[in-house]
Structure formats: C-alpha cells, structure tokens
Amino acid sequence: MKLKIYYIDVKDVRFGKETNFENGILTINKEEMIQKVNNECFSELEINLAYPGESCRISRVGDVIQPMLKLDNEEATFPGIIGEVTPMGEGETLKLRGIAVVETYEMPLPRNHFIDMSGPNAVFTPFSQTINIVITAKPIEGCEKMAYGDALKQTSLTVAKYLAQICKNAIPDEEEILSYNYNSEIELFDKDMNRLPRVVYIHQYLAASEQIEQTFYGKGYYTSLPMIFHPLEFFDGAMINKNFLQSMNADVSYFYQNHPMIKELLSRRGKDLNFSGVIYCHTPWALEEKKRNAMFAVQLAKNVLKADAVTITKEGGGHPQIDMQQLCYFCEKANIKTEISFFELNTTSGKYEEVLLFYDENVDAITSFGCLEKIELPPVDRVIGSTTFAGAPNPINEKGNVLNNWDIRGAMSQLGENYFKSIKY
Amino acid sequence: MTKWKIVYYINQFFGQYGGEDVAGMGMVVRNEAIGPALNFQQSFGEQAEIVSTIICGDNYFNEHREDAENQVLKILEEYQPDMVVAGPAFSAGRYGVACGTVCALAEEKFGIPAITGMYPENPGVIMFRSKIYIIQTSNHARTMTKEITKMVSLSKKILNKQQIGNAKEEGTILRGLVRNVRCEKKGTTRAIDMLLKKVRNEPFETETPMEKFDQVEKAPAIKDLSKATIAIATDGGLYPVGNPDKMPFINSNRYAPYYIGDKEFLDGRDYCILHRGYDNEFVLESPDRLVPVDSLKMLEKEKVIGKMYPYFLSTTGLNTSLENSKIIAENMIKRLKEDGVDGVILTST
C-alpha cells in the first residue's frame with residue numbers, strides 16, 4: 001500500500017472578507033465558516049485564533065486536530081465520523097502544518113486541559129508553536145453530554161477538513177511517500193544475509209465507554225479481540241480521539257495523525273529492524289479478560305507476524321499497566337523480546353514511589369515518557385474558553401493556580417511524542 | 001565573572017583541633033578554607049571562594065542541637081553564601097547528622113543549595129536524603145580526594161543551574177525523588193533503541209526500575225456470615241455535601257467515616273464527590289452504585305449477613321502513593337477492628 005502525503009506550511013491565519021490561501025497566508029471568512037460547521041446542539045459557536053508567543057491561555061481544551069483532506073476522495077475524510085467509511089492509508093492526502101484545530105469543551109468535566117501560547121508552560125506542548133484555530137461551542141440548554149461531545153467532534157473535524165480544502169490547490173511545501181505491504185515487505189529484509197530482527201508494535205488502546213474512547217473509523221471498540229491493522233491507516237485520519245471524560249490519559253488526535261511510534265518503526269525499517277506490523281489491542285477491565293486478550297495478541301505476534309521483538313505503548317491510567325505486563329509475560333514465554341513505554345503517574349508529590357502496579361521479572365525494559373509534576377499557572381492577558389477550570393481554585397487567568405503537567409494539552413504523550421523522561425535522584 | 005561564595009562545614013577532627021577528646025568543642029568560624037574545605041577550594045578553582053569554614057565538635061552539635069542550629073542560621077545570614085558544603089562525613093554518625101542538619105537548614109530556611117557526602121549506612125543518610133543531595137562516599141577518609149572531586153562536580157552543576165542527572169550519573173545517594181528531564185532523543189527512539197539492545201543481547205538500562213511489593217496474606221474466610229458485621233469502604237471520594245472534613249482530592253493520606261444509621265439507601269442530594277479520575281454523574285445520581293447500602297440492607301433483612309456496620313469509610317484514591325495507601329489502610333483497619341467488624345467490602349472506581 002502506498003500513501004502520498006502533501007504538506008502545506010501555513011505561515012499565518014487571519015479573519016477576512018474572502019476565504020482563500022495565498023503566499024502561505026490563510027484568510028478565513030469567519031461567518032461563512034461558522035455557518036458551514038455549526039450544529040443544532042450549540043447555542044453559540046465562536047472561533048478564535050491563538051498565535052505562538054501571545055499571552056494567551058486556551059482553556060478547557062478537548063482535542064487538537066491537524067487539518068487534512070483525502071485528495072482522491074474528499075467525502076472519505078475522517079471516515080466514520082464526518083466521512084464515509086472507506087479504507088485509509090492509500091492514495092493521496094493533504095495535511096496542513098503550522099496550524100491546528102483546537103476544541104474547547106464547554107460543559108463540566110472531571111478534568112480540563114489548557115494550552116499556554118507563551119510563558120513557562122508553553123515549552124511543554126508543541127501546540128504553543130502552532131497557530132491555533134480554537135472552537136468554543138456553548139451547548140443549548142438541556143443538551144446531553146454525549147450529544148454535545150458528538151456535535152463538538154463533528155464540528156472540529158469539519159473545520160479541520162474545511163481548512164485543508166481551502167488550501168488544496170496550493171503548491172505543496174513537501175511531499176512524503178509512505179509505503180508498506182504486509183504480504184511482501186515482511187519478507188523483504190529476511191532475505192538479507194544479516195537478517196534484521198522483526199519488530200511488532202502493539203498499540204494498546206483505551207475504549208471504556210462512550211466518550212472515553214479512542215475511535216478507529218469512527219468507532220470505539222469497547223470489547224474486541226486484538227486485531228492487525230495497517231500502519232499507514234494511522235496517518236490518514238482513521239484514528240480519532242473521542243475521550244472527553246478521561247482525556248488526561250489519552251493522546252490528542254494530532255499525535256495519532258502523526259503516530260510517533262509507527263513513524264519511528266517505518267523510518268528504521270531495513271536499517272536496524274524489520275517492521276513486521278501493528279496489533280491494535282484493547283484494554284479490558286477484568287484481569288481474566290486482560291489475560292485472554294494478551295494471549296490472543298501474542299498469538300498474532302508470534303504465529304502471524306512472526307515477531308522477534310515487541311514494543312508496547314498504552315493509553316489510559318493505572319490498570320492498562322497490567323495489560324502491558326500480561327503481554328510481556330506471554331511474549332517472553334514465547335521467546336519474543338519485549339519493551340514497554342509509558343508516562344509515570346503517582347508522582348505528584350515529587351517523591352519516587354511505586355510507579356509500577358505489578359512485579360514481573362519478564363518486564364525488564366521500560367522507557368519513561370516522563371512523569372507527573374506540579375506546575376504553576378501565571379496570569380495571562382487573554383483566555384479563550386471558560387475562565388473556570390476543574391481543579392483550579394481561582395479563575396484561570398489569575399494567580400495561585402497549581403496544576404499538574406498533564407493538564408497542559410499535548411505535554412503528556414503516551415505514544416512518545418515528546419522528549420521528556422523521568423529521572424530518579 | 002562571578003565568584004561563587006561558599007560556606008563550608010567540618011567537624012573538630014577535620015578542622016585539625018583533635019579527635020574524640022575535643023568532640024565537645026563549640027562552634028568556631030574561620031574566614032579561610034581549612035582541611036577538606038581547602039581541598040574543595042583547590043579542586044573547584046578560581047570561580048569559587050570559601051568565605052568561611054565552620055568547625056564544630058560532633059558531641060557539641062548533637063548535644064546542643066538547638067544552640068548549634070541557631071548559630072548556623074546566624075552565620076548563614078551574615079555570609080549569605082551561594083552554596084553550603086559539608087563534610088564528607090564518611091561513616092561517622094554524629095558528624096553525618098551535623099552535616100545533614102547544616103545543609104537542610106541552608107535549603108529550608110534560606111533556599112541556599114547545599115550538599116554533603118556520606119557512606120550509605122551513615123544514620124545521617126536516612127534522616128536527610130530526601131531533603132538534600134548526598135554524595136555517596138566510601139566508609140573511610142582515605143578516599144577524600146575522590147569524594148571531593150565528585151562534590152565539586154555536582155556543586156558546579158548546581159551553581160551553574162545545569163541539568164542534574166540521576167543518582168547513578170551524579171554519584172549521589174538516591175533521594176527517593178523523581179522529576180522530568182529533557183532528552184536529546186524522542187521517547188519512541190529511546191524505546192526502540194532499548195528494545196534492539198535487548199534483542200542483540202547488549203547491556204541496556206530500564207528507565208523505570210521495578211520494585212518488589214510486600215506480600216499480603218489472605219485473611220481466613222468468615223465462618224458464619226449470618227452473624228458477621230460487614231462494612232463498606234470506598235476510594236471513590238464520596239463525602240457529605242460541602243466536604244465538611246476538607247478531604248483532599250488527590251494523593252490523600254486519610255479517610256473519614258460517615259454515618260449511615262438506619263437509612264435504606266443513600267440519597268445523592270446529601271453527598272458530593274471529590275474524585276477527578278472518573279465521571280461522577282452516575283454515582284451522584286445514586287450513591288448506592290458506589291457504596292451499596294441498599295444491597296447490604298437487603299442482605300441484612302434476609303439474614304444473609306448479621307448486620308451492616310452503620311458507617312461507610314471514604315477516601316479519594318487518585319494518584320495515591322503506596323505510602324499514603326498504607327497509612328489510610330492501617331487507620332481504617334484500626335477502627336474496624338475496634339468496632340468488631342468481621343468483613344469489609346472495598347469498592348473502587
């Protein structure tokens with residue numbers, strides 16, 4: 001399968017009378033866009049722009065999305081949510097760089113996120129470096145949480161598609177061709193005299209219930225057997241974050257659209273490893289289910305993908321660690337070498353305490369994607385979204401708020417889209 | 001170029017006053033580098049100046065702790081150093097405690113960075129390791145030059161506000177603390193590097209070390225449930241409206257008992273939830289979903305159980321450390337045992 005991605009760098013975004021894209025400047029007629037993306041669940045829909053370096057805080061951030069468009073089948077963009085369900089990872093796709101669509105969630109949530117466009121908290125997130133098109137949608141009275149979340153997701157994806165559509169005739173700044181075939185390429189690097197180790201990636205996902213879910217083609221799989229997915233599907237908008245209720249444990253869609261682990265494996269294919277495939281693996285609640293699930297996933301890794309080694313990432317908080325441990329246990333028993341990576345919770349006190357919820361000698365290689373730390377929120381000039389914020393004692397533009405680094409959207413990535421690790425000292 | 005001002009603390013022995021016979025001597029301040037302080041000065045070079053060396057008898061410091069502390073505070077206030085260095089104390093216990101005390105005072109009272117050096121079994125280690133950096137030394141002063149070199153290297157990093165590595169890299173005793181550092185390589189790159197090393201049977205180092213847990217023995221089963229008193233305890237963070245006990249909502253170290261009495265069920269209007277780890281809506285609608293009073297009352301009527309304990313014990317289990325969990329459990333168990341409870345149902349979210 002071959003996927004050609006055209007990248008367009010957007011250097012500035014402005015509101016104006018016309019909607020167009022010229023010389024790297026994206027001009028949007030705001031009213032026109034709002035009309036196109038509005039939803040009956042909203043009593044009010046506001047769109048704001050936030051620029052890097054501004055004294056601005058985007059409050060109650062839900063998801064962040066990279067604007068994109070399926071060039072050869074526009075109707076299929078973001079399949080299963082606003083697009084037709086169509087196989088992804090093939091053909092031509094347009095992606096905009098330098099900008100991001102940010103949704104704010106205007107209903108009460110157990111936890112909120114924010115993005116600072118400047119100041120000490122800006123360095124933790126890549127979304128302080130993008131020009132952000134921020135969607136703030138107020139729900140109509142009596143709107144159900146689930147209906148609101150669905151509407152918000154539809155609107156933000158529609159905006160992401162709409163922005164890419166505006167730019168679709170521009171000359172791309174970069175082209176990238178990704179190709180990967182399960183049938184032939186798995187064997188490719190085996191023929192070599194120096195056979196490369198076959199590495200399989202297990203993407204452990206969390207889909208607990210409606211709106212605590214990572215979706216694939218528009219659906220969260222609350223119960224599911226492990227499945228083999230095509231690596232290129234991930235880059236093509238097939239995977240979207242719809243986790244509003246436990247959002248701190250989930251990566252943003254922007255990271256899925258540029259899946260860092262799959263990117264890493266693709267880039268090293270043929271050099272020091274043979275990328276042998278991706279297993280999409282659920283995180284169930286009960287221990288017995290976790291065992292079954294891990295067993296089946298390892299069977300796929302061993303017997304179908306013929307793995308020598310497996311790397312695993314997770315989504316969710318504490319209990320998904322047990323799934324990782326189970327996967328390692330069954331892998332190592334099957335003579336497959338394992339490594340797991342995750343973000344360390346339980347460290348808000350600054351003390352190093354039990355980060356792991358299990359003890360298993362099979363799990364001897366762990367990469368830290370960082371740990372929880374306290375952060376202070378300095379006052380800012382402008383807040384986009386609500387000034388009240390779950391967990392913050394004061395209005396979010398005032399002094400005296402101490403939160404954790406996972407409250408910064410994009411600062412914590414369980415897929416490894418950052419440069420932090422924890423150290424024990 | 002700025003010259004860093006350093007105050008150095010040593011005991012009577014390293015201060016060249018004598019051994020055990022003069023361990024009772026009081027505190028002396030000398031405006032020069034003496035003994036290990038001189039080694040430190042030479043090793044550090046021009047950028048630092050030992051503005052004073054504090055010398056004190058080990059017995060005096062430990063027997064007149066309050067006086068000694070006050071004198072140290074006065075000296076630090078007077079000299080306002082950029083850093084405080086003490087020892088190294090090797091395996092000398094009283095000296096180790098004095099070094100730790102001086103350093104901790106500097107950090108806590110003035111925010112002045114401070115380091116010392118000790119042998120891991122020095123009692124000063126347990127007392128001060130979470131508060132200050134302690135270079136891990138041998139148990140004998142013959143390695144003085146080596147230890148001073150390590151202390152100088154860490155001091156330079158601290159003074160120049162450079163990133164300080166993990167305990168192994170810096171040669172420090174593990175403080176039991178954790179924080180983030182920025183790496184050159186992305187998380188995913190480091191992950192695959194580690195995996196491939198493992199595949200090639202090359203040495204690799206896990207970034208998150210694993211620790212062994214205590215084994216908990218199962219309690220024997222209740223012999224006659226129909227005579228047993230059963231309690232409910234939860235970590236779902238259910239408290240009376242207004243949170244009268246000001247219970248913490250994250251990394252809590254306590255629980256609170258709330259009276260149920262004769263209620264047949266819990267009314268959501270009487271309660272609030274302090275727990276940001278799950279969607280509270282469904283429990284607020286009917287708290288029995290978290291604290292199943294309705295079911296236990298039914299079992300009580302049907303005589304399946306003897307009776308329901310008339311309180312539920314509540315805490316918030318979110319990012320709670322093992323240390324705090326143990327404290328909460330011990331306190332819960334104490335109460336339940338005193339009140340003759342035979343079994344407890346733990347509900348979690």
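Me: Where in chain B does B:Pro88 lie?
Reply: Keep in mind that this is a predicted model. B:Pro88 comes after strand E4 (83-86) of chain B and before helix H4 (93-110). So its place is the loop between E4 and H4 of chain B.

Me: And which residue does the cis peptide bond join to B:Pro88?
Reply: Omega is about 5° for this bond, and the peptide is cis. The partner of B:Pro88 in it is B:Gly87.

Me: A:Phe78 has a positive phi although it is not a glycine; is it buried or exposed?
Reply: Its phi is about 50°, and it lies in the loop between strands E8 (68-70) and E9 (91-97) of chain A. For the burial call, 20 or more other C-beta atoms within 10 Å are needed. A:Phe78 has 28 of them, so it is buried.

Me: What about B:Gln16, buried or exposed?
Reply: This one also sits in a loop, between strands E1 (4-11) and E2 (28-30) of chain B, and its phi is positive, near 65°. The cut-off for exposed is 12 or fewer neighbours. B:Gln16 has 10 C-beta neighbours inside 10 Å, so it counts as exposed.

Me: Which element of chain B do the buried residues of H5(A) pack against?
Reply: The buried residues of helix H5 (260-268) of chain A include A:Met261, A:Ile262 and A:Leu265. In chain A, the buried residues pack against E14, H4, E19 and E20. From chain B, the packing partner is helix H8 (187-199).

Me: What phi does A:Gly270 take?
Reply: A:Gly270 comes just after H5(A), and its phi is positive. The value is about 85°.

How values were computed:
Residues numbered from 1 in each chain as written. Chains lettered and ligands numbered in written order. Predicted model: local features only at pLDDT ≥ 70, side-chain atom pairs only at ≥ 80, totals over all residues. Helix = DSSP H or I, 4+ residues; strand = E, 2+ residues; numbered from the N terminus. Contact = placed C-beta atoms within 7 Å.
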